[in-house]
Amino acid sequence: MNYSLHPSVGVARLGNSEGQFYLAPDQIGGLPFEADEWGNKIDSPVNQFKDQEGRIRRQGQPFKIIDEDNNELTLASDNVKAVTWTVHIANKKAAWYEFNELQGNLLFGEENSYSNRRTPWRNASETNRRSLIIDPGPRTITGANAKAIFDEASASNNYPVSFPPKPCQGTEIKSLGNIITDNEGRLVVIGGYGNAGGNEPLESYGGADSWHDDIADGTVYCTITFNDGQELKLSAWVIVGSPDFAPEIVNISNLSDTMFDVAIREQNLCAEMYSNGEFQPSYQANYYRDIEPIIQRISRYQWVSNVQSMSAFVSNIFDFKDNTEENQANRSAYFNYFRKPVNPATVQQTPPIEQTNQQLFEHGIEGHLPLMPVNSGSNSVSNAEDNIVDKFLTLTQTQYFLLSQWASGSFSNEKPLPTTSAQDSFGVFHADQGSVGNCVGLPMCPGIEVTWSMQNPVIYAAPYVIKDQSIGSGFPNGLDPERDECEGGGCQPGDLTKRMACPWQADFFNCTIQNVNFTDPTVNKVNEGTAEEPSMVPLAPTYYSYWWPPQSPWDVLTNQVDDQSATHLPAGQQVNYARGINSFVQMVEHWPALGFIRNQNTSEPNFPFFTESERNHQLFAYKDVPVSDITGNPQDNGTDIPVFYIPDDVKSHLSSGCSKAKALLKSMEEKMSAPITAKPAGRAVPRSGTRTRR
């Protein structure tokens, strides 16, 4: 019998709750599961994402040993003597290059390499680059109800452990999380605590030098010893990401779509669909498997963003599953509003090919309806002389092909039959899709959990399987801070997350909306300042677009049952999600105050109603500010602007509040991070309702 470890890439998540965690969802758009203290699954979905003190619970990722028929192997299996796990996670962010949109992405050719782009290192003055890595070394546990912590004190004596020194600002990184085993020896990897600290002022969405956070990724190894003495060795990977604040809302192109696209076009996953370097027009798509998920994801963006033009693409203006010739005109009209993906290898050709990812409207600037999806591309920030410009989002190439087959009528509208198999019709394990499918797949600027390196086939050993440089032997001499896994040779712990913002809260603060220029294909921004003090702003005219609202919501509905004296808002009002968190500094310090977006109408799946819940309203103060206070014109005093903010004296504000406020104060006092500063902006960064990356 052939066994394998799943998910092949697991996803744990950060939380600031010390003792409470839950288990990762096992399907795309599914809720996580409750568990006891050892990770034994309680077969009920999570209802509360925060503990009694208003702290976010961490997400643990369980790993299972299963065969192709979905039979599981555990300590309770008759022929199993022992199960041993070794996990090695790390954070390489501070040792990697500064993030600069698509610089370094080798899919665009060698001329776009870090060296050719002269991309600077983070912390360039540090000569001991390995000291910049947070590397607790591997941890090994065996049997049931075992545990280990990824801290400095628990490290092996002979491993070159590396943790950053105590910072002047923020919170010291003492741990990257922990691992446990449940009653039957299943592994659970639990994320860190969302801590971040540094010595320099925060300066942009990329973070700043000297900073560290406790995001991580790395290898998972399993050794099963059978009663007859034989051993079976398996491996997987785990990513520790930021919280998923809207777990039931899925990105139009999620990370499973990205990995599936690589598997189809580069790994021969389905020769009937793609072979000899091209998609096969004879391939028949399936409506329920390939098309309906795209439409459903578009429909749910309205609960975390405000994109009116997308509403037309989810209304039942015709029967989407009708594959008759009479319905083809409707399907074709629908499909023609989706941008055609661009092959990265052809972007810098001379003469340049047409790039529809730079086009907003269906007929150029003379058009009337924005093309789909209405999201920013992977670089609507930097200009062409510095970077590869990618203004607007497209589907993956495989998603686009399947949608084109649907438009032409080459699709089946038969529902796939229920199956107990662990794999889908392509041979991909459901557990693998269900894990990464809850992460951002596109756009990648840099992303939320991981970035554009996941589009590069050289980092994979097989579909959905990360290529491991150590091949199970570990890294006894420590991790390499400078090798680029996108040049080949496999990945090390820390490689999948090292290109992300440092700290993650900086980009999370700004990765919400973007005003994208839609007239000049090579220019995103112009300087409205001076050469000495530049102030780069989007070139007008611009269009209001979003980054990845399922992961970083922007427009949400308030909850109908919250205490309105705390929310200061009527139920059902659409408001800014992060209202009251008005700076990089405040996001680093107070990200646990953010709410979770939940479907309140779970009994009727066809009629969802998503509202904000579990927001720590007690942290924020509120004012109705008359417009006349801003304009100085008394005639403007008939209009007020609602303003949410965190008072300077947070302790007094919370100590004089309700019991929830006092509980929140208690949890904050237990942490007590050092005050954080931010670099003054050349131009004031606009706040709630208008902030964009600069």
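**Figure 1. T219 and its surroundings in strand β16.** Our starting point is T219, a residue of strand β16, which runs over residues 216-226. The model shown here and in every other view is a predicted one. T219 has a relative accessible area of 1%, so it counts as buried, the cut-off being under 20%. Which residues does T219 touch once its neighbours within four places in sequence are set aside? The list runs T86, V87 and H88, then A236 and W237, and finally D468 and P493.

**Figure 2. The largest nonpolar core, seen from L5.** This core has 86 residues, and L5, F63, I65, W85, L187 and V220 are the ones that touch the most other members. Take L5 as the anchor for the view: leaving out neighbours within four places in sequence, L5 is in contact with F63, K64 and I65, with W85, with V220 and C222, and with L234, S235 and A236. There's also a second core, separate from that one, with 73 residues; W96, F318, F411 and I513 are among them.

**Figure 3. Two cis peptide bonds, each leading into a proline.** One cis bond links C502 to P503, with omega at about 10°. P503 sits in the loop that runs between β26 (465-466) and α7 (504-510). The other cis bond links A540 to P541, and here omega is about 0°. P541 belongs to the loop between β29 (536-538) and β30 (542-546).

**Figure 4. Positive phi at N268 and Y464.** N268 isn't a glycine, yet its phi is positive, at about 55°. You'll find N268 in the loop between α2 (255-266) and β18 (274-275). Is N268 buried or exposed? With a relative accessibility of 56%, N268 counts as exposed, because that value is over 50%. Y464 isn't a glycine either, and its phi is positive at about 65°. The loop that holds Y464 runs between β25 (460-462) and β26. Y464 has a relative accessible area of 1%, so Y464 is buried.

**Figure 5. N477 and its partners from far along the chain.** N477 is part of the loop between β26 and α7. Its relative accessible area is 61%, so N477 counts as exposed. Even so, N477 has contacts to show: not counting residues up to four places away in sequence, N477 touches R130 and P160. For a C-alpha distance to set beside those contacts, try V161: N477 and V161 are 316 residues apart along the chain, and their C-alpha atoms are separated by 9.8 Å.

**Figure 6. D26 and A431, brought together across 405 residues of sequence.** D26 lies in the loop between β3 (21-23) and β4 (33-35). How far apart in space are the C-alpha atoms of D26 and A431? They're 6.1 Å apart, with 405 residues of sequence separating the two. Setting aside neighbours within four places in sequence, D26 is in contact with F33, K41, H430 and G434. At 43% relative accessibility, D26 counts as partly exposed, because that value falls between the buried limit of 20% and the exposed limit of 50%.

**Figure 7. Q399 in helix α5.** Q399 is a residue of helix α5, which covers residues 397-408. Its relative accessibility is 7%, so Q399 counts as buried. Beyond residues up to four places away in sequence, Q399 touches I252, S253 and D257, along with I294 and R297. I471 is another matter: 72 residues separate Q399 from I471 along the chain, and their C-alpha atoms are 32 Å apart.

**Figure 8. The whole protein, for orientation.** Twelve helices and 36 strands make up the secondary structure count. The C-alpha trace spans about 90 × 65 × 55 Å along its principal axes. A compact globule of 694 residues would have a radius of gyration near 26 Å, and the protein's 25 Å agrees with that. Of those 694 residues, 59% count as buried. Among contacts with a separation of 6 or more, 71% come from residues 24 or more positions apart. The protein exposes about 28,200 Å², with 48% supplied by carbon and sulfur atoms. As for charge, there are 51 positive and 82 negative side chains, and the centres of those two sets lie 4 Å apart.

Definitions and conventions: Residues numbered from 1 in each chain as written. Predicted model: local features only at pLDDT ≥ 70, side-chain atom pairs only at ≥ 80, totals over all residues. Heavy atoms only, no water. Helix = DSSP H or I, 4+ residues; strand = E, 2+ residues; numbered from the N terminus. Rg over C-alpha atoms; globule rule 2.2 N^0.38 Å. Buried < 20%, exposed > 50% of the residue type's maximum accessible area, 1.4 Å probe, protein only. Contact = heavy atoms within 4.5 Å. Areas by Shrake-Rupley, 256 points an atom, 1.4 Å probe, with all protein chains shown as cover. Lys, Arg positive; Asp, Glu negative; His and termini not counted. Charge placed at Lys NZ, Arg CZ, Asp CG, Glu CD. Core = buried A, V, L, I, M, F, W, Y, C linked by side-chain atoms within 4.5 Å.
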